[in-house]
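The following explanation proceeds from one pair of packed helices outward to the surrounding core and the chain as a whole. Please keep the sequence and the model in view while reading.

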Amino acid sequence: MDAEALPGAANGGEPVELEAIEETAGGDGEAPLDSAEFALWSAARLDDPLPCLFLDASLRIHFANQSAAEHFGMPGRVPGLWFTRFAAPHFDEARSAELFRAVRSAAAGHRWIGTIERTDTDQLLGVYKVWILPLAHPAAGVPRAYQALCLDISPEYRSMVQGTFAGLLEVAMRKDNDTGHHIERVNRYARDIASDLHGRPEWPEVNRQFIASISQAAALHDVGKIGTPDDILNKVGTLDPWEWEIMKEHTKNGAYILRTYHIPMAAEIALRHHERWDGTGYPYGLEGLQIPLSARIVAIADVYDALRMRRTY
């Protein structure tokens, strides 16, 4: 199956509100499990090695083939789970409206092709190429049922992220006045702290994906220093007040550089890792739980390493 571009909203109308769609969906246009559409889907997809879901006209999941049940850790019979919630939080209101517009548009072929992200049973982020296709093309109106084919592209995604990470890391290490060792140590400390928190009930957000993300993102915490003049970074002696203000800008610079990076935590850490629990940090003086956990972990790792090495500032 060719990887096609995501169909646009070919109906040219205004964005459809998700709640309005859900309230009006359903009724006689639905294809139940005793329908011809389900029989067609079962014959073609039940034993297919590609994960596949049977959806009604409202895009509620009713059945998962064996591959999908095993891959996603879900029962075969699903009691009407909305596909947008199955892929939450990837589908916000705008993306959900785009999805519904596409499958209801005859010009778009009553189909949607795109990618979704969801946390898999191993607690790692899974990325999937998804084809939502009608099971029959009605002469008028929308189809009564759809199938969602889910191709796991997580290995390719992780390889792409790793390649981008390697390039950014090389740039960051060129600005490390400890020839890159500071970056390596902070990354190791952050990973070890997160690993220690894993499994503790008071830190439910620290799962395997959190550890995997911080194990990369922590290394990029100072990437914003590529915008800091070398004469300030390498100055022997105490920084002047105006120099210190320039130095502090590396947090905002880093967040800007990482704003489209595939791991959102990276920009979060770059921007917040100099905030302090008592509100005396920078750039915004956040305090306590206002500071994201990832940034608090990297802040501890960064300060610990700074206390163990010589720095002019």
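**Helix packing and the nonpolar core**

In this predicted model, helices α8 and α12 pack with their axes 9 Å apart and at an angle of about 55 degrees. Because an angle of this value is neither under 35 degrees nor within 65 to 115 degrees, α8 is oblique to α12. The crossing of the two helices is right-handed. On the α8 side the contact is formed by Phe210, Ser213, Ile214 and Ala217, and on the α12 side by Met265, Ala266 and Ile269. Sorted by class, the residues of this contact comprise six nonpolar, one polar and no charged. A general property of helices is relevant to the spacing of such positions: an α-helix has 3.6 residues a turn, so residues three or four places apart point the same way.

How much of α8 is covered? Seven of the ten residues of α8 are buried, and the helix is thus described as mostly covered. The buried residues are Phe210, Ile211, Ser213, Ile214, Ser215, Gln216 and Ala217. Among the elements that cover them are α6, α7, α12 and α13.

Within α12, one residue may be examined individually. Ala267 belongs to this helix and has a relative accessible area of 16%. Because buried means under 20% relative accessible area, Ala267 is classed as buried. Leaving aside residues up to four places away in sequence, Ala267 touches Ala255, Leu258 and Arg259. Ala267 and Ala217 are 50 residues apart along the chain, and their C-alpha atoms are separated by 8.1 Å.

The discussion now turns to the nonpolar core. The largest nonpolar core contains 35 residues, of which Phe210, Ile214, Leu258, Tyr261 and Ile297 touch the most other members. Two or more residues of this core are given by each of β5 (125–134), α6 (154–174), α7 (181–197), α8 (208–217), α12 (264–272) and α13 (293–307). Another core lies apart from this one; it has 26 residues, including Phe86, Ala87, Leu99 and Ile116.

Which residues does Ile297 touch, when those up to four places away in sequence are not counted? They are Ala190, Ile193, Ala194, Leu197, Phe210 and Ile214. Ile297 also takes part in the contact between α13 and α7.

That second helix pair has its axes 9 Å apart and packs at an angle of about 135 degrees. Because this value is neither within 65 to 115 degrees nor over 145, α7 and α13 are oblique to each other. The crossing of α7 and α13 is right-handed. From α7, the residues in contact are His182, Arg185, Val186, Tyr189, Ala190, Ile193, Ala194 and Leu197; from α13, they are Ile297, Val298, Ile300, Ala301, Asp302, Tyr304 and Asp305. By class, this contact holds eleven nonpolar, one polar and three charged residues.

These local descriptions may finally be placed in the setting of the entire protein chain. Its secondary structure consists of 13 helices and six strands. The chain has 313 residues, of which 49% count as buried. Among contacts in the chain with a separation of 6 or more, residues 24 or more positions apart account for 57%.

Terms used:
Residues numbered from 1 in each chain as written. Predicted model: local features only at pLDDT ≥ 70, side-chain atom pairs only at ≥ 80, totals over all residues. Heavy atoms only, no water. Core = buried A, V, L, I, M, F, W, Y, C linked by side-chain atoms within 4.5 Å. Buried < 20%, exposed > 50% of the residue type's maximum accessible area, 1.4 Å probe, protein only. Helix = DSSP H or I, 4+ residues; strand = E, 2+ residues; numbered from the N terminus. Contact = heavy atoms within 4.5 Å. Axes fitted to C-alpha atoms, helices over the stretch in contact; angles between N-to-C directions. Left-handed = near helix turned anticlockwise from the far one by under 90°. Nonpolar A, V, L, I, M, F, W, Y, C, P; charged D, E, K, R; others polar.
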